Amino acid sequence: MFKTRVRALLRPLLTAALLLTTQLHAAETTWQQTLAEAKGQRVYFNAWGGSPEINAYLVWAGQEIERQYGVTLVQVKVDDIAQSVSQLLASKQAGKTSDGPIDLLWVNGENFKALKEQGLLGAPFTQDLPNMALVDTKLPVHEDFTLPVAGLEAPWGIGQLNLMVNGDEVATPPTSAAELLAWARANPGRFTYPKPPQFHGSSFLKQILLELTADPAPLYREASNADFARLTAPLWGWLDQLHPVLWRKGKLFPTSAAETKQLLDDGELAMAISFNPGEAQSSVQNGTLPPAVKAVAMAKGALTNSHFLAIPFNASARAGAKVVANFLLSPTAQARKVDPAFWGDPSVLRQDALPGNRQPALRFKAVAEPHPSWQTRLEAAWAERYGH
């Protein structure tokens, strides 16, 4: 009787274990087929090309991917990934459903929304990547600016908006919208932000909007005309006060984050905007910013998101793109990415999956990205008010 009962209890456990073993074997077989198909493929990776450190990191990644898997990685440097989205949309409208020029995209936010809504992404693929099992699921990797990822993009890193502040010039760094405005008034010409819709400039608008909004709930749903007018009124009032005391009196804005960083290094600015909490340390370490520069975030919370890798619907080298994405999620690649000597971008992997003692992914208190409709409207309204 006892043995019969034990067998009855063990049977479902054994069945479950057998099923799991079968699934793991099938997944391994499928991945080996992907590796075989990918060998010899050339993967065109459209990625923002504005950072020498990131570009150098991708050169290293390409060398490793070629050596290990026989896949050639080609970085196509773009100023704004929206250009790539437009290119894909034109391909679809022309009926080009295969042999497309883009195999992998570095993307998030409003661009992911556009890709998803226009049907410009292929089938979900992240379930095919072995290294997805190492991703820290407590991080914001399931949604992209409130939109479900649904396997259409693989997380690559974590961004948090911060100010890179020269401590020799700013004794008490501002950590609120009010403090930043007060500091700018007391130090005219020493601060600015990139011109929207450049990513860092648009992100700065969202950070200040969150700072000035008592109840942020409406920011996390589609922006209505009434909500947009009501919630952005304090932002426009704040910017109206800020712009006259900006660098070039707010009549000219830098066109990129790289330009503001150079102005900081040259001593024209005392602060610059970054979306990488490790960039200040990395830049000090490699000599591209003064030693006194450090990262400072808003006390209410730093605007935080994940950046992702996506495969277009008409990719020529889909298998190769999966191999590249999986490598970029490997402990080796993620550990190098975290290292401020190379990039300093936070990892999306669990800390126990990374070699050595690595910096936790979320360095600052986090505030989630609003719904992407807010960014689109903010950029249009900013251009109407302040575009020159």
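This passage goes through the overall build of the protein and then one helix pair. The model is predicted, so to speak on paper only: local features need pLDDT of at least 70, side-chain atom pairs count only at pLDDT 80 or more, and totals for chains, interfaces and linings use all residues. Residues are numbered from 1 along each chain as its sequence is written, and side-chain values use heavy atoms, with hydrogens and water left out.

The protein has 12 helices and 11 strands (DSSP runs numbered from the N terminus: H or I of at least four residues for helices, E of at least two for strands). Its radius of gyration is 23 Å, which agrees with the value near 21 Å for a compact globule of 388 residues (taken over C-alpha atoms; the rule is 2.2 Å times the number of residues to the power 0.38). Along the principal axes, the C-alpha atoms fill a box of roughly 80 × 55 × 45 Å. Some 52% of the 388 residues count as buried, meaning under 20% relative accessible area with a 1.4 Å probe, protein chains only.

Now for the helix pair. Helix α2 (residues 52-69) packs against helix α10 (residues 318-328) at about 115°, with the axes 11 Å apart; axes are lines fitted to C-alpha atoms over the stretch in contact, and angles run from 0 to 180 degrees between N-to-C directions. On the α2 side, Tyr57, Trp60, Ala61, Glu64, Ile65, Gln68 and Tyr69 meet Val323, Val324, Phe327 and Leu328 of α10 (contact being heavy atoms within 4.5 Å).

Conventions. Buried means under 20% relative accessible area, exposed over 50%, partly exposed in between (1.4 Å probe, protein chains only).
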